[in-house]
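Subject: Structure for your files

Dear colleague,

Here is the structure I said I would pass on. My notes on it follow below.

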Amino acid sequence: MGAMRKEEAYRQIEAIDREITLLGHIGAILEWDQELYAPAKASDERGRQMGYIKSGMHELATSPLMGEILEAVGASEANPGGDASDPFLRAIIRLRGQEYRKAHVVPSSLVAAISEETTKGYTVWLEARSKKDWKLFAPTFQRILDLQKERASCCRKPGQGLYDVLLDDYEEGASEAWIDALFAPLLEPVRDIIAHAPAIDDSFLRKTYPVEAQQALQREVMEAMGFDFSRGLVGTSAHPFTSTLGEEDVRITTRYTDPSVMDSFYSTVHESGHALYEQWASTGRQKGTTIAGGASYALHESQSRLWENIIGRSRPFLLALWPSFQKRFATQLEGIGFDQFYRAVNKVQPGCIRTNSDEVCYVLHIMLRYEIEKQLVKGSLSVDEVPEAWNKLSEQLLGIRPTDDALGCLQDVHWAGGSIGYFPSYALGNLYGAQIWDALRGELDTDRILASGQWQPIVRWLGEHVWQYGMGLDPATLIKTVSGKALDATSFTRYLETKYKEM
């Protein structure tokens with residue numbers, strides 16, 4: 001191709017990427033409204049609205065024009081960045097090429113059908129969860145599962161399983177075999193920690209804590225973490241989440257209905273970790289492009305779970321916040337010393353709810369969902385059999401049998417949104433986060449910084465080494481650049497064993 005043709009292709013691929021990103025932001029506004037404000041009967045038309053936007057994004061991403069552009073810039077699976085020398089353009093070409101190769105074989109009608117069904121699915125899930133009845137959700141979930149399997153069958157490569165395709169949606173290059181190998185070393189140390197966990201009285205955390213005081217404390221923490229409130233805000237929803245509604249509009253939600261005050265606190269810290277990644281990635285030329293996001297869902301989870309657990313449940317972090325806890329919750333914490341508070345916050349005890357789980361048992365919650373998803377996609381488990389299969393696995397892994405579907409298979413919103421293959425990202429995020437933390441601790445005195453309450457050096461290190469790149473680096477390259485090695489389980493298992501042996 002001549003130079004002018006190639007330069008025109010570079011211009012067009014960036015312009016199309018920005019249009020797709022803009023449509024995604026509009027869709028996020030509709031989803032935000034759906035989850036926080038929309039009446040139940042709005043879901044049918046909202047589904048059509050979302051289907052219209054998603055199919056439009058799909059058509060832009062998979063059009064014959066996109067194919068011509070990718071050919072003009074020399075992009076292929078072997079050369080994903082094409083001939084571009086500019087790192088920004090190479091990243092855009094890599095990301096657009098990945099989506100084109102995976103999605104151009106998927107009909108727009110199927111994309112629209114998935115969007116419509118999953119938008120309605122949220123409302124159906126809410127009702128089923130409130131009534132604790134899986135049967136109310138099962139028909140909708142069956143349609144969502146069938147549609148996602150149909151999509152996966154459209155774009156799978158020779159020898160690739162359907163579940164591998166779905167896993168790859170969230171973690172580039174992921175497969176059952178790869179995840180199985182990463183999860184295998186975790187089971188024994190996690191079970192050992194649980195078996196030796198002492199009984200700790202944490203009942204004082206389940207007293208009534210005024211919501212206004214919780215909100216004030218959480219804002220204080222978010223500001224110290226570096227969340228920019230001129231570019232984001234906090235809402236309340238049934239299931240906490242983070243959403244980017246614009247290049248200068250990153251929002252999170254939390255909830256105040258959980259039994260422990262720390263459940264809400266850590267939901268906010270967790271979502272703020274996601275939001276920081278989004279805010280840092282949306283800078284400069286990256287604003288308004290696909291690059292302005294996390295390198296993968298698991299790397300996104302690494303930052304939220306790093307802040308929630310490795311940082312947020314650490315002694316120096318909590319020590320810095322202890323005066324604020326005492327000031328805002330003097331009545332609830334009367335007679336409670338810091339050591340008792342620290343041990344209560346880090347209590348290890350299996351429970352039914354994933355989002356309220358301690359960081360040790362959390363791994364088993366993900367393994368449960370991973371096993372259920374594998375069987376559903378392969379067809380060895382039917383949708384109607386999910387509650388019993390869930391309860392049996394919960395007994396095997398956690399030693400607890402949920403007493404109703406709301407405490408079991410209806411507790412998570414992910415399947416209602418079509419996110420089949422997402423759950424492993426949470427556990428992979430633990431591994432990424434621990435590996436990144438090891439690298440960070442090699443350069444900074446993290447205990448001193450956290451205890452000071454002035455966390456900017458840690459925020460800046462993460463921003464400069466991880467967040468600022470957005471999706472500009474693929475996950476394998478990013479983790480090797482940061483830590484010097486490929487992803488494995490050693491940093492995370494060492495972190496857990498060291499922390500809980502000391503406790």
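Let me start with one residue and its surroundings. Leaving out residues up to four places away in sequence, Glu373 touches Tyr163, Trp415, Ser419, Ile420, Gly421, Tyr422, Phe423 and Pro424. This is a predicted model, so please read everything here with that in mind. Glu373 sits in helix 15, and its relative accessible area is 0%, so it is buried. A contrast in distance may be useful when you orient the view: Glu373 and Lys327 are 46 residues apart in sequence, and their C-alpha atoms are 45 Å apart in space.

Met50 gives the other kind of case. Met50 and Thr119 are 69 residues apart in sequence, with 7.4 Å from C-alpha to C-alpha. Met50 belongs to helix 2, residues 43-62, and counts as buried at 2% relative accessibility. Neighbours within four places in sequence aside, Met50 is in contact with Gly27, Leu30, Glu31, Ser115 and Thr119.

One backbone angle is worth a look. Lys132 is not a glycine, yet its phi is positive, at about 60 degrees. Lys132 lies in the loop between helix 5 (108-131) and helix 6 (134-155). With a relative accessibility of 46%, Lys132 is partly exposed.

Next, the nonpolar cores. The largest has 126 residues, and those with the most contacts inside it are Trp134, Phe265, Trp307, Phe325, Phe341 and Trp415. Of these, take Phe265: not counting residues up to four places away in sequence, Phe265 touches Leu217, Gln218, Val221, Phe317, Leu321 and Phe325. Another core, of 25 residues, lies apart from the largest one; Tyr10, Ile16, Leu89 and Leu95 are among its members. Trp415 appears twice in these notes, as one of the residues with the most contacts inside the largest core and as a contact of Glu373.

On to the cavities. How many cavities of 30 Å³ or more does a search of the whole structure find? The count is four. The largest cavity holds about 50 Å³ of space. Its lining consists of Arg305, Leu306, Asn309, Ile310, Glu359, Gly429, Asn430, Gly433 and Phe492. Helix 12 (297-311) and helix 17 (424-441) are the elements that give two or more residues to this lining, and helix 12 has the largest share, with four residues. By type, the lining of the largest cavity has three nonpolar, four polar and two charged residues.

The second largest cavity has a volume of about 40 Å³. The residues that line it are Gly351, Cys352, His365, Leu368, Arg369, Trp390, Ser394, Leu398, Pro402, Leu407 and Gln411. At least two residues of the lining come from each of helix 15 (362-378) and helix 16 (386-398). Helix 15 is also the place of Glu373. The lining of the second largest cavity divides into six nonpolar, four polar and one charged.

As for open sites, I looked at the second largest pocket, which has a volume of about 870 Å³. Its lining has 37 residues, and Pro259, Asp263, Ile353, Asn356 and Ser357 lie nearest its centre. Two elements, helix 11 (261-281) and helix 14 (338-345), give two or more residues to that lining. Helix 11 gives the most, with three residues. The lining of this pocket divides into 14 nonpolar, ten polar and 13 charged residues.

Last, the cysteines. How many disulfides are there? The count comes to zero. A disulfide calls for two cysteine sulfur atoms within 2.5 Å. For Cys154, the nearest cysteine sulfur is that of Cys155, 6.6 Å away, and Cys154 is in no disulfide. Cys154 is partly exposed, with a relative accessible area of 28%. Cys409 is in no disulfide either; the nearest cysteine sulfur, that of Cys352, is 11 Å away. Cys409 is buried, at 5% relative accessibility. Cys352 is also one of the residues that line the second largest cavity.

Regards

Key. Residues are numbered from 1 along each chain as its sequence is written. This is a predicted model: local features need pLDDT of at least 70, side-chain atom pairs count only at pLDDT 80 or more; totals for chains, interfaces and linings use all residues. Side-chain values use heavy atoms; hydrogens and water are left out. On a 1 Å grid over the protein atoms alone, a cavity is a set of points where a 1.4 Å probe fits but cannot get out, and a pocket is an open set with protein on both sides within 12 Å along at least five of seven lines; lining residues have an atom within 4 Å of a point. Grid points are joined across faces, edges and corners, and a volume is the space filled by probe spheres set on the points. Ala, Val, Leu, Ile, Met, Phe, Trp, Tyr, Cys and Pro count as nonpolar, Asp, Glu, Lys and Arg as charged, and the others, Gly among them, as polar. A nonpolar core is a set of buried Ala, Val, Leu, Ile, Met, Phe, Trp, Tyr and Cys residues joined through side-chain atoms within 4.5 Å. Buried means under 20% relative accessible area, exposed over 50%, partly exposed in between (1.4 Å probe, protein chains only). Contact means heavy atoms within 4.5 Å.
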